[in-house]
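Got your viewer open? Load the model, switch to cartoon view, and keep the selection box handy for the stops below.

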Amino acid sequence: MPTQFVVGELSSSSNLSYDVFLSFRGEDTRKTFTGHLYTQLCQVGVNTFIDDEELRKGDVISTELEKAIEQSRVAIVVFSKNYASSSWCLDELVKILDCRVRLKAGSFAYFYDVDPSQVRRQTGSLVKLWQNIRNDCLELKEWRIGKLH
């Protein structure tokens, strides 16, 4: 059953600027899968945010990217072999998860060039990713209920 996606009907009363936010490891997929996905989404009229390498000026997620994540209806996270090795990607992921909880934003995960057994068994390069997601989600949950100072 195909998924339907309403294109170009962002509510003017909301703060949404994008239909889709793409989160990915640039070195892994910018010129392959994610680049092609971005092109196809744009061709069918889906207003899609893809980062510009010039936005990355610091070690932490930039305010421009945080704003783009918050102003997106859906985030698509492309997990690749080296996604977890980027603190930048992990920061984006935490923000996406925060928006999913706080703003009820949608999110989808796509595993690109990753052995399915690594996902099932949480082995290989994804171990760090799973550990960081768990730790960041726990911190986020504790922060939201006032346990962190």
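One term before we start: two residues are in contact when they have heavy atoms within 4.5 Å of each other. Keep in mind, too, that this is a predicted model.

**Stop 1: glutamine 71.** Select glutamine 71, in the loop that joins helix 3 to strand 3. Is it buried or exposed? Buried means under 20% relative accessible area, and glutamine 71 has 17% relative accessibility, so it counts as buried. Show what surrounds it: setting aside neighbours within four places in sequence, glutamine 71 is in contact with Asn15, Leu16, Ser17 and Tyr18.

**Stop 2: the whole chain.** Zoom out and colour by secondary structure. You should find six helices and four strands, and walking along the sequence they come in the pattern β-α-α-β-α-β-α-β-α-α. There are 149 residues in the chain, and 36% of them count as buried. Now think about who touches whom: of the contacts with a separation of 6 or more, 72% are between residues 24 or more positions apart. Switch on the surface if you like; the accessible area of the chain is about 9400 Å², and carbon and sulfur atoms account for 50% of that.

**Stop 3: helix 3 against helix 4.** Select residues 63–70 for helix 3 and 87–102 for helix 4. The two pack at an angle of about 35°, and their axes are 10 Å apart. The crossing of helix 3 over helix 4 is right-handed. Show side chains for the contact: helix 3 brings Leu65, Glu66, Ile69 and Glu70, while helix 4 brings Trp88, Glu92, Lys95, Ile96, Cys99 and Arg102. Colour these by type and you get five nonpolar residues, five charged and no polar.

**Stop 4: the largest nonpolar core.** This core has 16 residues, and the ones touching the most other members are Phe21, Val77, Tyr83, Leu93 and Ile96. Helix 3, strand 3 (72–79) and helix 4 each put in at least two residues. Helix 4 gives the most, with six.

Now centre on isoleucine 96. Which residues does isoleucine 96 touch, not counting those up to four places away in sequence? They are Phe21, Ser23, Ile69, Ala75, Val77 and Ser107. You have met Ile69 and Ile96 already, in the contact between helix 3 and helix 4.

**Stop 5: another core.** Apart from the largest core lies another, of nine residues, including Val20, Phe24, Leu37 and Val78. Pick phenylalanine 24, in strand 1 (residues 18–24). Phenylalanine 24 counts as buried because its relative accessibility is 1%. Then draw a distance from the C-alpha of phenylalanine 24 to that of leucine 90: the two residues are 66 residues apart along the chain, and the C-alpha atoms are separated by 9.9 Å.

**Stop 6: two loop residues with positive phi.** Go to lysine 104, in the loop between helix 4 and strand 4 (106–111). Its phi is near 60°, a positive value in a residue other than glycine. Lysine 104 counts as exposed because its relative accessibility is 69%.

Next, jump to aspartate 113, in the loop between strand 4 and helix 5 (116–121). Aspartate 113 is not a glycine either, yet its phi is positive, about 55°. With a relative accessible area of 54%, aspartate 113 is exposed.

How values were computed:
Residues numbered from 1 in each chain as written. Predicted model: local features only at pLDDT ≥ 70, side-chain atom pairs only at ≥ 80, totals over all residues. Heavy atoms only, no water. Axes fitted to C-alpha atoms, helices over the stretch in contact; angles between N-to-C directions. Left-handed = near helix turned anticlockwise from the far one by under 90°. Nonpolar A, V, L, I, M, F, W, Y, C, P; charged D, E, K, R; others polar. Buried < 20%, exposed > 50% of the residue type's maximum accessible area, 1.4 Å probe, protein only. Areas by Shrake-Rupley, 256 points an atom, 1.4 Å probe, with all protein chains shown as cover. Core = buried A, V, L, I, M, F, W, Y, C linked by side-chain atoms within 4.5 Å.
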